[in-house]
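Hi everyone, thanks for making time for this one. I'd like to walk you through a structure and how its helices sit against one another. Have a look at it first, and then I'll start talking.

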Amino acid sequence: MIRPVARGGSGGSSDQVQPYLVLAVLMLLEGPATTVAAGSMVGAGVLALLPVWLLAVSADVVGDSLLFALGRCGGHRRVSPLLARLGVSGPRAARLRKDVGRHLPRVVIGAKLVDIGAVPAFLAAGLAGVPYRRFVGWVAFTSSARAAVLVALGLLAGPHIAGITSSPWAFVALSAALGAGVLAVSLVAKRLFSLRTRGVPQ
């Protein structure tokens, strides 16, 4: 099994922090796939569990908070066209604002667990004037549960991946492939959802 290489001195501390910095950026760009891949590295003993989980939750909260902030600025004439391109305009925007205003927990949990419609839902939360503390509380709660599930999936695969290769680069490649598989499933689900809802009045 692949193990992290311990290095002495200040350089060792820097080498230990660097993978987590890279993970933080990747989780902001594509959270689920990166979280599963990071979980597999935890399972193989390459990374530590708590920092990976905290990074996954933090990346979710930051990304969703940015969407919320963009929605809060939705009344600005330069922001409105962007919201329209992201699916928040006209009658649909009114319906989304009504939904998040009345059923915020259900909307947040559904968006985070299924990962479909999260962008317009969180934009609408900001546009509807939902209190940020209430919004971020539900986002943090749901993100914590989702990150735990995704890391656990990686944990289950990590020892098996490490057992079939002794090369660190091969291990990273296989972990990335595992994350890419999760991403592919997510993209297919989003595509199917889009096809099912195409033509339905918004």
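Before I name any helix, a word on what I count as one: a helix is a DSSP run of H or I with at least four residues, and numbering starts at the N terminus. With that in hand, here is a first placement: Ser-143 lies in helix α8. Please keep in mind that this is a predicted model.

Let's take the overall picture. How many helices and strands does the chain have? There are nine helices and zero strands, so in sequence order the pattern reads α-α-α-α-α-α-α-α-α, by that same DSSP definition. The chain has 202 residues, and 36% of them count as buried. For those of you who like contact maps, take the contacts between residues at least 6 apart in sequence: 79% of these join residues at least 24 apart. The accessible surface of the chain is about 11300 Å², and carbon and sulfur atoms account for 68% of that.

Now to the helix I'd like you to look at, α7, which covers residues 118–127. Is α7 mostly buried or exposed? Eight of its ten residues are buried, so α7 is largely enclosed by the rest of the structure. Those buried residues are Ala-118, Pro-120, Ala-121, Phe-122, Leu-123, Ala-124, Ala-125 and Gly-126. After α7 comes Gly-129, with a positive phi near 75°.

So what does α7 pack against? Let me show you two partners.

One is helix α3, residues 49–72. The axes of α3 and α7 come within 6 Å and cross at roughly 50°, which means that α3 is oblique to α7. The crossing of α3 past α7 is right-handed. On the α3 side, the contact uses Asp-64, Leu-67, Phe-68, Leu-70, Gly-71 and Arg-72. On the α7 side, the residues are Val-119, Phe-122, Leu-123, Ala-125, Gly-126 and Leu-127. Sorted by class, the contact of α3 with α7 holds eight nonpolar, two polar and two charged residues.

The other partner is helix α5, residues 90–102. Here the axes are 8 Å apart and the angle is about 75°, so α5 is roughly perpendicular to α7. Arg-92, Leu-96, Arg-97 and Val-100 of α5 meet Pro-120, Ala-121, Ala-124, Ala-125 and Leu-127 of α7. The class count for the contact of α5 with α7 is seven nonpolar, no polar and two charged.

Finally, let's go back to α8, which spans residues 132–163, and to two residues in it. Ser-143 has a relative accessibility of 0%, so it counts as buried. What does Ser-143 touch, leaving out residues up to four places away in sequence? Its contacts are Val-57, Asp-60, Asp-64 and Lys-112.

Ala-147 is also found in α8. Its relative accessible area is 4%, and because the cut-off for buried is under 20%, Ala-147 counts as buried. With the sequence neighbours up to four places away left out, Ala-147 touches Thr-35, Trp-53, Ala-56 and Val-57. And here is a pair to find on your screens: Ala-147 and Asp-60 are 87 residues apart in sequence, yet 8.9 Å apart in space from C-alpha to C-alpha.

That's my tour; over to you for questions.

Terms used:
Residues are numbered from 1 along each chain as its sequence is written. This is a predicted model: local features need pLDDT of at least 70, side-chain atom pairs count only at pLDDT 80 or more; totals for chains, interfaces and linings use all residues. Side-chain values use heavy atoms; hydrogens and water are left out. Buried means under 20% relative accessible area, exposed over 50%, partly exposed in between (1.4 Å probe, protein chains only). Contact means heavy atoms within 4.5 Å. Accessible areas come from the Shrake-Rupley method with a 1.4 Å probe; for residues, only the protein chains shown count as cover. Axes are lines fitted to C-alpha atoms, for helices over the stretch in contact, and angles run from 0 to 180 degrees between N-to-C directions. Angles under 35 degrees count as roughly parallel, over 145 as roughly antiparallel, 65 to 115 as roughly perpendicular and the rest as oblique. A crossing is left-handed if the near helix is turned anticlockwise from the far one by less than a right angle, and right-handed if clockwise. Ala, Val, Leu, Ile, Met, Phe, Trp, Tyr, Cys and Pro count as nonpolar, Asp, Glu, Lys and Arg as charged, and the others, Gly among them, as polar.
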